[in-house]
Structures are given as structure tokens and as C-alpha cells.
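Open the model in your viewer and keep the selection tool at hand. The tour goes stop by stop.

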Amino acid sequence: MSTPDRLHPDAPVADLQAWWMPFTHNRLFKDQPRLITGAQGAYYTLADGRRVFDGLSGLWCSPLGHSPPRVVEAVQRQVASLDFCPGFQLGHPAAFSLAARIARFADRPRDRVFFVNSGSEAVDTALKIAVAYHRARGEASRTRIIGRERAYHGVGIGGISVGGIAANRKTFAPLMIPGVDHLPHTWDPAHMRYSRGQPAWGAHLADELERLVALHDASNIAAVIVEPMQGSTGVVVPPRGYLEKLREICTRHGILLIFDEVITGFGRLGAPFAANAFGVRPDLITFAKAVNNATVPLGGVIVAESIYDAFMTGPAHLIEFFHGYTYSGHPLAVAAAHATLDEMETADLLQRVRTLAPVLEQAIHELRDEPQVTDIRNLGLAAAIDITPLPGKPGLRAFQIFERALDKGLLVRFTGETLALAPPFVSSEDETRAAVDALRRALRAVPAP
Ligand SMILES: Cc1ncc(COP(=O)(O)O)c(C=O)c1O
């Protein structure tokens, strides 16, 4: 095989075979690799020396841009002083102060925070807390979990069980947790195509939860889990009033409401969490990604005080919740999170998101008349466009646009027939508009079927 020109000479093709890459068409990639060799601020450097704008903030996880000096210094300092600390029966001060800080940041100062290492672990942890909580209160029959179609809740067995993306579920059916049901997703092009921000239509879709409660009975349902804004499936924005209705129905039936904020947490919607942006208070919030700018893996679950208290009842010398990870509260991840929150505060990055969001909204909706565009959605500093698929070749056209965009200096995310943008918070208005313009040129560069 000849060496493709995008491959760095230091990485011969044979070297690419050992890593079975995640969510990647391995054979195609290894035949035509796209290698990244560096990153600084809002830009990646490719192996051939080109700089490309990071249109998705990593994988929705690096809102400060790459290698922000404050975070780099914090991690360097930390690795030299306390590189690891067991979190079982021991702890280091910064993990406790970070938990309190995250609870305050979420405007839930009395809540507790359980640390994990990823969004998938955060979801599985939240599901376990929900089921164990009801059992601790003497309602052991409440084990069923309600997820939602199109949802992405990571790749743990719990997460794919409540998730709603067929490709992630179909191969693993026998392993998945039983006793799960799904709400319908809220995207309906007939009523909300080209909505700017929250669609006005669709709050009634939350009433489907009443139907599921009638079917299974509330006494068997532990929790409902939703992404307040569905990210991975392509920026599906909740209709106005929908989340409020879910909250009201859950409260009425004693069902816990979990917001999976792995993408929306830490500022993406211009508020600390989507829960703050929408004024809806879930019982548990999962987070990961932007909490520490993705410098070191970190995730967690914010847990209402009353839930925590329900566990704190037996003899004090017994472990209350048999769950945790070797790296829960890892010192490097915690140091990176403190530095990330410092930077968010001092640079007032939530305000920056609120300033950039209308710029992105205006620019992205100008793509409406471009070839093959069938819908455009946006909220906060996130936007997606849907395109017509190539007949008989699902996903291929979006991949081609992704490649053309890369040629034009933009890294955009594609899944199915959707292309998503979520620029770093540190982007300028010009960079935001330029990213959309690169996407426009990429759309035009891929011929119609
Ligand atoms: C809403 C949501 N939950 C969970 C996850 C899984 O996170 P991770 O890939 O860190 O396991 C993701 C990842 O994109 C996500 O968007």
C-alpha cells in the first residue's frame, strides 16, 4: 500500500493497525488516515502541517480551546506533588473542594457530587443511584428506567439500555438491562424544521410519560433519564415547556428525573448547566467532558441532598454505596477541573457563549438554501444541519462533506446525515462565522446525487 500523503512519515501504515479505534470505520481510516499531531487554542495541527479550526471543541469537551496555560500549569504542578490518591477510604483535599465548587456552580450548593472518569460511567452511576435510592427507602419495586429515542448516554451496558440509537444497541441486546422503556424523541420536521432555538411545538410529547406510567405503574419506575438537549444525535432542542412537563409528571409520581448533561454541562448553553438555562431542577445531573476541558478524563454525578441522605442510614462503619472507580477523584483530573472553572470565571466564558450564540444562530441559518440541506437546528453555542443522504449509501454524503470541510480548514462532526458545530467558547465572532462559511463551501463542493 502506498503511503497516503496525509500520513506523517514517522507513522508507517503498519503502525496504525494495532489500535482498534472507537466509533471509527477502521479499514477506511487506516487506508486514508487523518492524523493530528498538535493542538493550540481553537486549532488542531494535522500531520501535513495544516491548521484546522476545531469546530466541535474536541468532542464537545474542550471549550477553552486546547492546552490553555492555566490548565496546563495546574496539571504539571499536580503531577509533581500528588500524582494519585486512592479514593476508597482516603481522599485528597482538592477533590472535596471541587465537589463543593461544582455543586455551587450548578446552583445546588447542598447537593453531593460522585466522581467518575467519563460520561458513560456517570450515566451508569446515576442509574445505580436511582435504583438503590428507592430500595433504601423501602420501594424496591421501583427498578424500571425510562429513556428516550435517539438518546446517547454513552456505551456502558446501562447507558445503551436507556439510550435510543439503534446502531449502539442492536448487537448487544441480550446483555442490556431489562425493564427499560423509551419516550419518543421530540424531533418532528413537519412542525419544527428550521426552528431557531427551542421549537414552539412539541411540549405535549412529554405526556407520553403519563402513558408509560399508566402502562408500567409508577410503583415500578425508578427514573427518567434525558439529555436536556440531545447532542450526539444532532442537536435536538427540547420544545418549549417539554422539560418542565417531564419534571412535573416525575414529581407527581415519585419518579427521579436525571438530566444527562455530559454535553450541555459547564456552559454550552450559556448557563452553568442546561438545568439552569431551562429553569428545570432534575434530581440528578451527569457531567463529564467540559468539566476540566478534557485534559484528563473526569466525569461525575450531582446528586440531590435528599437522595444522598437516604443512603446515610445504616451503621456508620458500613459502606453505604458499593460503587466507585480506582480513578474517582483523580488528582490530575481534579486539578484540571479547578483550573478550568477558574478560567471560566475569570474570562466570564458563560457570557462569551451568550454573545457568540446569536452569531452562530444567524450564520448557520443562512445555510438554509444550500444544496441538500433539509433542516437546521441550534441552541446556545451548538448547531446542526441535516442533509439529504446519497441514495442507498447512508452516512456517505455527510462523510464527504466532513472531508471537504477539513480541506477548507474546518473540523466538523458528522453522524448519520447530520453535521454538527459546537465551537470553543474562546472563538471569536469572525472565527465562528468563518467556520460556518467553510461548511457552506464544503456543502457546495460535494455534488448532488
Ligand atoms: C449525553 C452524553 N452522555 C454520555 C456520553 C458518554 O460520554 P463518554 O464518551 O465520556 O463515556 C456522551 C458522549 O458524547 C454524551 O453526549
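Select glutamine 89. With 6 C-beta neighbours inside 10 Å, this residue counts as exposed (exposed means 12 or fewer other C-beta atoms within 10 Å of its own, buried means 20 or more, partly exposed lies in between, and C-beta atoms are placed from the backbone). Glutamine 89 sits in the loop between α3 and α4. Helices here are DSSP runs of H or I with at least four residues, strands are runs of E with at least two, and both are numbered from the N terminus. Check the backbone of glutamine 89: phi is positive, about 65°, although the residue is not a glycine. Most residues other than glycine have a negative phi.

Two notes on the numbering and the model. Residues count from 1 along each chain as its sequence is written. The model is predicted, so local features need pLDDT of at least 70 and side-chain atom pairs count only at pLDDT 80 or more, while totals for chains, interfaces and linings use all residues.

**Serine 67**

Go to serine 67. Its place is the loop between α2 (57-60) and α3. Phi is near 50° here, again a positive value in a residue other than glycine. Serine 67 is partly exposed, with 14 other C-beta atoms within 10 Å.

**Arginine 70 and helix α3**

Next, select arginine 70, in helix α3 (residues 69-81). Arginine 70 has 17 C-beta neighbours inside 10 Å and so counts as partly exposed. Which residues does arginine 70 touch, leaving out those up to four places away in sequence? They are Ala339, Asp342 and Glu343, where contact means C-beta atoms, placed from the backbone, within 7 Å. Now draw a distance from arginine 70 to glycine 55. The two are 15 residues apart along the chain, and their C-alpha atoms are separated by 22 Å.

Show α3 together with α13. Their axes come within 8 Å and cross at roughly 150°. Axes are lines fitted to C-alpha atoms, for helices over the stretch in contact, and angles run from 0 to 180 degrees between N-to-C directions. That angle makes α3 roughly antiparallel to α13 (over 145 degrees is roughly antiparallel, under 35 roughly parallel, 65 to 115 roughly perpendicular, and the rest oblique). On the α3 side, the contact is made by Arg70, Val71, Ala74, Val75, Gln78 and Val79. On the α13 side, look for residues including Pro331, Ala335, Ala339 and Glu343. The residues of this contact divide into nine nonpolar, three polar and three charged. For these classes, Ala, Val, Leu, Ile, Met, Phe, Trp, Tyr, Cys and Pro are nonpolar, Asp, Glu, Lys and Arg are charged, and the others, Gly among them, are polar.

**Helix α4 on α13**

Keep α13 (residues 331-346) and add α4 (residues 93-105). The two pack at an angle of about 40°, with their axes 10 Å apart. α4 and α13 are therefore oblique to each other. Colour Ala94, Ala95, Leu98, Arg101 and Phe105 in α4. They meet Pro331, Val334, Ala335, Ala337, His338 and Leu341 in α13. By class, the contact of α4 with α13 has nine nonpolar, one polar and one charged residues.

**Helices α14 and α16**

Select residues 349-365 for α14 and 429-445 for α16. Their axes lie 9 Å apart, at an angle of about 25°. That makes α14 roughly parallel to α16. Leu356, Val359, Leu360, Ala363 and Ile364 in α14 meet Glu429, Thr432, Arg433 and Val436 in α16. The classes in this contact are six nonpolar, one polar and two charged.

**Valine 224**

Move to valine 224, in strand β7 (residues 221-226). Is valine 224 buried or exposed? Valine 224 counts as buried, because 29 C-beta neighbours lie inside 10 Å. Not counting residues up to four places away in sequence, valine 224 touches Ile146, Leu209, Leu246, Cys250, Ile255, Leu257 and Ile258. From valine 224 to serine 161 is 13 Å, C-alpha to C-alpha, with their positions 63 residues apart in sequence.

**The ligand**

End at the ligand. Of the 14 residues around the ligand, Ser118, Gly119, Ser120, Gly154 and Val262 come nearest (a residue is near if its C-beta atom, placed from the backbone, lies within 6 Å). Which helix gives the most to this shell? Helix α5 (residues 119-136) does, with three residues. By class, the shell has five nonpolar, seven polar and two charged residues.

Note on methods: Two residues are in contact if their C-beta atoms, placed from the backbone, lie within 7 Å.
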